[in-house]
Structure formats: structure tokens, C-alpha cells
Amino acid sequence: MAMNGLMTQLGQPVWKPGSPAGWDDVAGSWAGPDAIMRRVEAAERLAQRTRDTVDARQRAAELFPDALSESTAQSIARAESPGQGVALMLVAPEFMRR
């Protein structure tokens, strides 16, 4: 149920695409301000569940060994809390890349 709620929040409710072709794959559908804000809110909700047990600096380096940009690494390192670091990692361009 939690995943269903998360997908609905992200604008892609489970088993309910807008057409038989599935979800749009155009920037306007996923890169607009509303879509980005929904992803930030979802990332914050997920980060709260980690209860500050995840070191986002280490995890980002593991997940994106050759792709982690200096600006993303610096943003994560400057996070005010471990949870905020996780949220920043989840909304980083490297994490959003297909």
C-alpha cells in the first residue's frame, strides 16, 4: 500500500497509465516544476524512513562510482542531517538519469 501511495504521489498510479502506450516519456511530463516537487517530497518521505542510518556520501559513491558529479557530492556532504543527505541523493541528476 505504501508503494501504491508513493506512485500515486509521483503522478503514476499503479495500473492506471493515461493510455495503452503507458506513461509519457517526454520531458514535459517528468521534468516540469510540479513533477520535480513531487519527487522532492517523495525523497524526503523515503529519507525519513532511513532514521539517519544511511550515510548518503558513502552510498552515492557506491551507486555512481564513475558518474557522481562534484556538485552533487558537495551538496550531499553539506546536508544538515543524514536524512537530508539521503533526500538530496535521491533527487540528484545522477539518480534520475535513465
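# Exercises on an all-helix chain

The protein chain has seven helices and zero strands. Keep in mind that this is a predicted model. Let's work through some exercises.

## Exercise 1: Get the overall picture

**Task.** Describe the pattern of the protein chain along the sequence, the box its C-alpha atoms fill, and the share of buried residues.

**Solution.**
- Step 1: Reading along the sequence, you meet the pattern α-α-α-α-α-α-α.
- Step 2: Along the principal axes, the C-alpha atoms fill a box of roughly 40 × 30 × 20 Å.
- Step 3: The protein chain has 98 residues, and buried ones make up 22% of them.
- Step 4: Now the surface: about 7,100 Å² is exposed, with 55% of it supplied by carbon and sulfur atoms.
- Step 5: Look at contacts with a separation of 6 or more: 60% of them link residues 24 or more positions apart.
- Step 6: Finally, the charges. There are 11 positive and 12 negative ones, and their mean positions are 6 Å apart.

## Exercise 2: Find the core

**Task.** Work out which residues make up the largest nonpolar core and which elements give two or more residues to it.

**Solution.**
- Step 1: List the members. The core has 10 residues in all: Ala43, Ala47, Ala56, Ala60, Phe64, Ile76, Val86, Ala87, Met89 and Leu90.
- Step 2: Match them to elements. Helix H3 (33-49), helix H4 (56-63) and helix H6 (82-90) each give two or more residues to this core.
- Step 3: Pick out the main contributor. H6 provides the largest share, four residues.
- Step 4: Zoom in on one member. Ala43 touches Ala87, Leu90 and Val91, leaving out residues up to four places away in sequence.

## Exercise 3: What covers H6?

**Task.** Name the buried residues of H6, then say what covers them.

**Solution.**
- Step 1: The buried residues of H6 are Gly83, Gly85, Val86, Ala87, Met89 and Leu90.
- Step 2: Their cover includes H3, H4, helix H5 (70-77) and H7.
- Step 3: Here is a handy rule for looking at any α-helix: there are 3.6 residues a turn, so residues three or four places apart point the same way.

## Exercise 4: Follow Glu94

**Task.** Is Glu94 buried or exposed, and which residues does Glu94 touch?

**Solution.**
- Step 1: Place the residue. Glu94 sits in helix H7 (residues 93-96).
- Step 2: Check the accessibility. Glu94 counts as buried because its relative accessibility is 13%, and the cut-off for buried is under 20%.
- Step 3: Collect the neighbours. Setting aside residues up to four places away in sequence, Glu94 touches Phe64, Ala67, Leu68, Ser69 and Thr72.
- Step 4: Look at the side chain of Glu94. It reaches the backbone nitrogen of Ser69 at 2.8 Å. The side chain of Glu94 also makes a polar contact with the side chain of Thr72, at 2.9 Å.
- Step 5: Flip over to the partner. Thr72 is in helix H5, and with a relative accessible area of 8%, Thr72 is buried. Apart from neighbours within four places in sequence, Thr72 is in contact with Ala92, Pro93 and Glu94.

## Exercise 5: Spot the positive phi values

**Task.** What are the phi values of Trp15 and Asp52, and where do these residues lie?

**Solution.**
- Step 1: Start with what you'd expect. Most residues other than glycine have a negative phi.
- Step 2: Trp15 has a positive phi near 65 degrees and isn't a glycine. You'll find Trp15 in the loop between H1 and H2, and Trp15 is exposed, with a relative accessible area of 82%.
- Step 3: Asp52 isn't a glycine either, yet its phi is positive, about 60 degrees. Asp52 belongs to the loop between H3 and H4, and at 47% relative accessible area Asp52 is partly exposed.

## Exercise 6: Sequence versus space

**Task.** How far apart in space are Gly11 and Ser29, and how far apart are Arg45 and Pro65?

**Solution.**
- Step 1: Gly11 lies in the loop between helix H1 (2-9) and helix H2 (27-30). Its relative accessible area is 32%, so Gly11 is partly exposed.
- Step 2: From C-alpha to C-alpha, Gly11 and Ser29 are 9.3 Å apart, with their positions 18 residues apart in sequence.
- Step 3: Beyond residues up to four places away in sequence, Gly11 touches Trp23 and Arg38.
- Step 4: Arg45 is found in helix H3 and is partly exposed, at 41% relative accessible area.
- Step 5: Arg45 and Pro65 are 20 residues apart along the chain, and their C-alpha atoms are separated by 25 Å.

Technical notes: Residues are numbered from 1 along each chain as its sequence is written. This is a predicted model: local features need pLDDT of at least 70, side-chain atom pairs count only at pLDDT 80 or more; totals for chains, interfaces and linings use all residues. Side-chain values use heavy atoms; hydrogens and water are left out. Buried means under 20% relative accessible area, exposed over 50%, partly exposed in between (1.4 Å probe, protein chains only). A polar contact is a pair of N or O atoms within 3.5 Å; within protein, one must be able to donate a hydrogen and the other to accept it, and residues adjacent in sequence count only if both atoms are side-chain atoms. Contact means heavy atoms within 4.5 Å. A nonpolar core is a set of buried Ala, Val, Leu, Ile, Met, Phe, Trp, Tyr and Cys residues joined through side-chain atoms within 4.5 Å. Accessible areas come from the Shrake-Rupley method with a 1.4 Å probe; for residues, only the protein chains shown count as cover. Lys and Arg count as positive and Asp and Glu as negative; His and the chain ends are not counted. The place of a charge is taken as NZ of Lys, CZ of Arg, CG of Asp or CD of Glu.
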